[in-house]
Structure formats: structure tokens, C-alpha cells
Amino acid sequence: MHCEPPDMVCETKIVAAEDHEALPGAKKDALLAAAGAMWPPLPAAPPPGPQPLGGAGGAGPPGGRGLCIREFRAAEQEAARRIFYDGIMERIPNTAFRGLRQHPRTQLLYALLAALCFALTRSLLLTCLVPAGLLGLRYYYSRKVVLAYLDCALHTDMADIEQYYMKPPGSCFWVAVLDGNVVGIVAARAHEADNTVELLRMSVDSRFRGKGIAKALGRKVLEFALLRNYSAVVLGTTAVKVAAHKLYESLGFRHMGSSDHYVLPGMTLSLAERLFFQVRYHRYRLQLREE
């Protein structure tokens, strides 16, 4: 997670998704054929006629009836912000509780605090309350930092998506629309210095997950980069859920490393925050072509 606004000065000219037909036929066909070879095709759409959303077991195809991935429109600002907000708010319990498994030193410290409590009080009741208190503090500080991060993001690029992503060359923002409702978002921002595109702000409404919508959004960014001759697509994430990392890998991204020292906007780096809030920042890269 980060909320730095996109660079407003880019030199690469955007070819809009609707303007693909303007590309020379042979070049376009070759690029899209290359994309098809790199990324396995998504499941086909169901046959015409009424279909339960998600089909049996709630795991229907991403190409389900009424679903399309298209460029953002100004009227969809609030819907996009809502999906982004809800997705980030889910990080609070995930970071506070699931994320603890990624930090064995913190687990050891908490165990030592519980042992110290027992050594000083000889009370099993008080000792058992220590883990609950520590987890409560983790939730408090996770909420504090995530809300500060959200405030930053909602007052920068997510405050005016049209201005930050649709107007600057080298940037774009897409929405997944299902039966007329926005159910997912993703953004792209070019970095001209190293000729890469960064995948940003990917989120899907929790009611519509498990249907391949996130993968369809991710592939839209890859297509955007491929058609504009960028050398690679990169992304950074503090996601704790394994499913998020499997999604990136299924799109062809390679894990390039991680860091436990990433500083989110909103972090104060106080001693209490260091004790009760930790994130692991992962970097991914998909190489499209060699420079």
C-alpha cells in the first residue's frame, strides 16, 4: 500500500483501449497473440440465458453475463472510491492478526512478555489475558495506521481519478462493470525512467470475488503495457492473504523480494507502533521484453 500520487509528467502517448483498432492490423495481431501466449485464456462466458451469478459453488467465469472491463468514467468516482475504501479496510484485521505469522521475532517477544507476566504474578488468569491485550493493541495500531493511509490516498489520487489517471499520458484507470454496477477497479501508471508500468489500486467488491474479476483487471494492465511497448509491469503490495500473491503469480509476475522496513504514509514510527504494527512489503515484476 502506498498513496503517492502518480507522476503528472509523462512522455509516453496513451493509445486508449477503445482505439486499439487504430493500431496497424499486423502489429496489433502480433501483440495480442503474444499476450495470449504469455497468459492462459480466461474461462469462456456462459451460454446466453439466465445464469446464477458465479454458477454452482459461487465460482463462475469472469466473462459472466454483463461483465466488462472498461476505462473509468467521471460519474463512477464515488463507486471506485467505495471499493478502494472497503478493500483497504479489510487490511486492518488481516495485518493485526494474520500478519503476525510473518513476524516470528514479534511472536517471540509477545511470548516472553507472557512468560514475564507469569513470573511476576504467578497468575494463570493474568498470563492468559496478556495475549488478548497484545492482540487488542495490534488491532488498535493497525486501524490507526490504515485509516491514516486511507486519508492520504483519498485526498490525493483517489480524490480525482480523472485528473490523476485519465489525463496524464502513461496512466489509466479501469473499472469492472457487472450488470451495470462497478464491482472492481485497477490503475496503471508509467515510469518513464525505466520504461515500466506500475499496477495500482486493484480491488474487487467482496460480494463478487472468486469469479476471476481481479485476474481480468490485472490482464487489462498487462495488455496496456504490452501495446505501448513498455518493458515490464511492476507492483508492490503489503497484502497478507495468500490468494493475492497467487493471483499475481498466475498473471506471470515474479516475486522480486520483500522488506519488513517499509514505511506506510501515516506511520509515526513510535516505539508502541513498532511493537504492535508491522507490514511486509512485497515487490513483483513481469518482464514483457528485454531492453
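**Close-up views of a predicted model**

**Figure 1. Helix H4, residues 104–121, in the predicted model.** Helix H4 has 18 residues and reaches 26 Å from its first C-alpha to its last, close to the 26 Å expected at 1.5 Å a residue. Thr106, Tyr110, Ala114 and Cys117 are buried in H4, and because these buried residues fall within an arc of 85° when seen down the helix axis, they line one face of the helix. An α-helix has 3.6 residues a turn, so residues three or four places apart point the same way. On the other side of H4, Pro104, Arg105, Leu108 and Leu112 are exposed. The cover over the buried residues of H4 includes helix H5 (124–154) and helix H9 (271–276). Arginine 122, which follows H4, has a positive phi, near 55°.

**Figure 2. Threonine 127 in helix H5 and the span annotated as a transmembrane region.** Threonine 127 lies in helix H5 and is buried, with a relative accessible area of 15%. When its neighbours within four places in sequence are left aside, threonine 127 is in contact with Ala114, Cys117, Phe118 and Thr121; of these, Ala114 and Cys117 are among the buried residues of H4. An unreviewed UniProt entry lists residues 108–141 as "transmembrane region". In the model, the span of residues 108–141 is 94% helix and 0% strand, and its end C-alpha atoms lie 19 Å apart.

**Figure 3. Helix H2, residues 77–89, and its surroundings.** The 13 residues of helix H2 should span 18 Å at 1.5 Å a residue, and the end C-alpha atoms of the helix are 18 Å apart, which agrees. Buried residues in H2 are Gln77, Ala80, Ile83, Phe84, Gly87, Ile88 and Met89. Among the elements that cover the buried residues of H2 are the helices H3 (91–96), H5 and H6 (161–166), together with the strands E2 (171–178), E3 (181–191) and E4 (196–204).

**Figure 4. The largest nonpolar core, with phenylalanine 253.** The largest nonpolar core has 58 residues, of which Phe84, Phe173, Ile185 and Phe253 touch the most other members. Helix H7 (residues 213–227) gives the most to this core, with eight residues. Not counting residues up to four places away in sequence, phenylalanine 253 touches Leu199, Leu222, Val233, Val234, Leu235, Tyr248, Tyr284, Arg285 and Leu286. In soluble globular proteins, nonpolar side chains tend to be buried together.

**Figure 5. A second core, with methionine 267.** A second, separate core of 15 residues includes Cys117, Met267, Phe276 and Val279. Methionine 267 is placed in the loop between strand E6 (254–259) and H9, and it is buried, with a relative accessible area of 17%. Leaving aside neighbours within four places in sequence, the contacts of methionine 267 are with Val145, Tyr262, Glu273 and Phe277. Methionine 267 and serine 142 are 125 residues apart in sequence, while their C-alpha atoms are 9.9 Å apart in space.

**Figure 6. Threonine 238 and its polar contact with arginine 91.** Threonine 238 has its place in the loop between strand E5 (232–237) and helix H8 (242–250). With 4% relative accessibility, threonine 238 counts as buried. The side chains of threonine 238 and arginine 91 are joined by a polar contact of 3.1 Å.

**Figure 7. Asparagine 229 and leucine 269, two loop residues with positive phi.** Most residues other than glycine have a negative phi, and most peptide bonds are trans. Asparagine 229, in the loop between H7 and E5, has a positive phi near 65°, and at a relative accessible area of 34% this residue is partly exposed. Leucine 269, in the loop between E6 and H9, has a positive phi of about 60° although it is not a glycine, and with 37% relative accessibility leucine 269 counts as partly exposed.

**Figure 8. Overview of the protein.** The protein has nine helices and seven strands, and buried residues make up 47% of its 291 residues. Among contacts between residues at least 6 apart in sequence, 74% join residues at least 24 apart.

Terms used: Residues are numbered from 1 along each chain as its sequence is written. This is a predicted model: local features need pLDDT of at least 70, side-chain atom pairs count only at pLDDT 80 or more; totals for chains, interfaces and linings use all residues. Side-chain values use heavy atoms; hydrogens and water are left out. Helices (H or I, at least four residues) and strands (E, at least two) are DSSP runs, numbered from the N terminus. Buried means under 20% relative accessible area, exposed over 50%, partly exposed in between (1.4 Å probe, protein chains only). A polar contact is a pair of N or O atoms within 3.5 Å; within protein, one must be able to donate a hydrogen and the other to accept it, and residues adjacent in sequence count only if both atoms are side-chain atoms. UniProt positions are given in the numbering used here, feature names are shortened, and annotations may be inferred rather than shown by experiment. The expected span of a helix is 1.5 Å times one less than its number of residues. The arc is that of the directions from the helix axis to the C-beta atoms. Contact means heavy atoms within 4.5 Å. A nonpolar core is a set of buried Ala, Val, Leu, Ile, Met, Phe, Trp, Tyr and Cys residues joined through side-chain atoms within 4.5 Å.
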